[in-house]
Amino acid sequence: MLSAFRDDYRQKLASGFKASVGNSLHGGSRRTGGYGHGRAIDVTGADNNMHDVWQWFDAHGAKFGLYRPMPGNDPAHIQQRGDWHKIAMALREGRVHVADAAGGRGKDKSKYAVAK
């Protein structure tokens, strides 16, 4: 990860192709709805294999609600596609489904049934 959360001050210091201060999905206060609510990261690969990482995001990012909106101008920039609450719920449900399918090692749901 090259960069994740950037407050407005650090966004101002960032160089190259970038959003204006307060308008960055990396955590600028106005665009994301508050300090610390960043919704974007910049990624690269080890040993200059960044293209492999970016190709992986292009091929598999959609199942995690992620995409590269500017592959030409800012290829390292990854952000969410859609409502982050829905993405988080879908990822959680996927993990729960995998855990439940892992041989019935989950809790006995009958103990937790709600009485009517």
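## A walk through the sheet, a salt bridge and a pocket

Start by selecting Leu66 and Gln80: Leu66 stands opposite Gln80 in strand β3. Keep in mind as you click around that this is a predicted model.

**Zoom out for the layout.** Colour the chain by secondary structure and you should find four helices and three strands. Going from the N terminus, the elements come in the order α-α-β-α-β-β-α. The chain has 116 residues, and 24% of them count as buried.

**Now the sheet.** Show just the three strands. They make an open sheet, ordered β1-β3-β2, with antiparallel pairing. Select 40-42 for β1 and 66-67 for β2: these two stand at the edges, and each has a single partner strand, so one side of each has no neighbour in the sheet.

Next, add residues 77-80, which are β3. This strand pairs with β1 in the antiparallel sense over three bridges, and β2 pairs with β3, also antiparallel, over two bridges. The Leu66 and Gln80 pair you began with sits on the β2 side, with Gln80 in β3. For the β1 side, click Ile41, which stands opposite Ile78 in β3. Then try Ala40, whose bridge partner in β3 is Gln79.

**Stay on Ala40.** Is this residue of strand β1 buried or exposed? Ala40 counts as buried, because its relative accessibility is 8% and the cut-off for buried is under 20%. Now select His26 as well and draw a C-alpha to C-alpha distance: the two residues are 14 apart in sequence but 4.8 Å apart in space.

**On to the pocket.** Ala40 has another role on this tour, as one of the residues lining the second largest pocket. That pocket holds about 250 Å³ of space. To see the lining, select His37, Gly38, Arg39, Ala40, Ile41, Leu66, Ile78, Gln79, Gln80, Trp84, Ile87 and Ala88. You'll recognise the bridge pairs from the sheet stop in that list, including Ile41 with Ile78 and Leu66 with Gln80. Which elements each supply at least two residues of this lining? They are β1, β3 and α4.

**Look for charges.** How many salt bridges does a search of the whole structure find? It finds one. Select Arg68 and Asp58 and show their side chains: they form the salt bridge, with the closest N and O atoms 2.8 Å apart. The pair ties together distant parts of the chain, since Arg68 is in the loop between β2 and β3 while Asp58 is in helix α3 (residues 50-60), ten residues apart. Switch on a surface and compare the two ends. Arg68 is buried, with a relative accessible area of 13%, whereas Asp58 is partly exposed at 47%.

**Last stop, the outside.** With the surface still on, select Trp56, Phe64 and Leu91. Together they make a nonpolar surface patch of about 260 Å². Leu91 takes you to helix α4, residues 84-101, the helix that you met as a contributor to the pocket lining. Leu91 itself is partly exposed, with a relative accessible area of 30%.

How values were computed. Residues are numbered from 1 along each chain as its sequence is written. This is a predicted model: local features need pLDDT of at least 70, side-chain atom pairs count only at pLDDT 80 or more; totals for chains, interfaces and linings use all residues. Side-chain values use heavy atoms; hydrogens and water are left out. Two strands pair if DSSP finds at least two bridges between them. Patches are made of residues with over 30% relative accessible area and no salt bridge: like charges are joined within 9 Å, nonpolar side chains (Val, Leu, Ile, Met, Phe, Trp, Tyr) within 5 Å. Accessible areas come from the Shrake-Rupley method with a 1.4 Å probe; for residues, only the protein chains shown count as cover. A salt bridge is a side-chain nitrogen of Lys or Arg within 4 Å of a carboxyl oxygen of Asp or Glu. Buried means under 20% relative accessible area, exposed over 50%, partly exposed in between (1.4 Å probe, protein chains only). On a 1 Å grid over the protein atoms alone, a cavity is a set of points where a 1.4 Å probe fits but cannot get out, and a pocket is an open set with protein on both sides within 12 Å along at least five of seven lines; lining residues have an atom within 4 Å of a point. Grid points are joined across faces, edges and corners, and a volume is the space filled by probe spheres set on the points.
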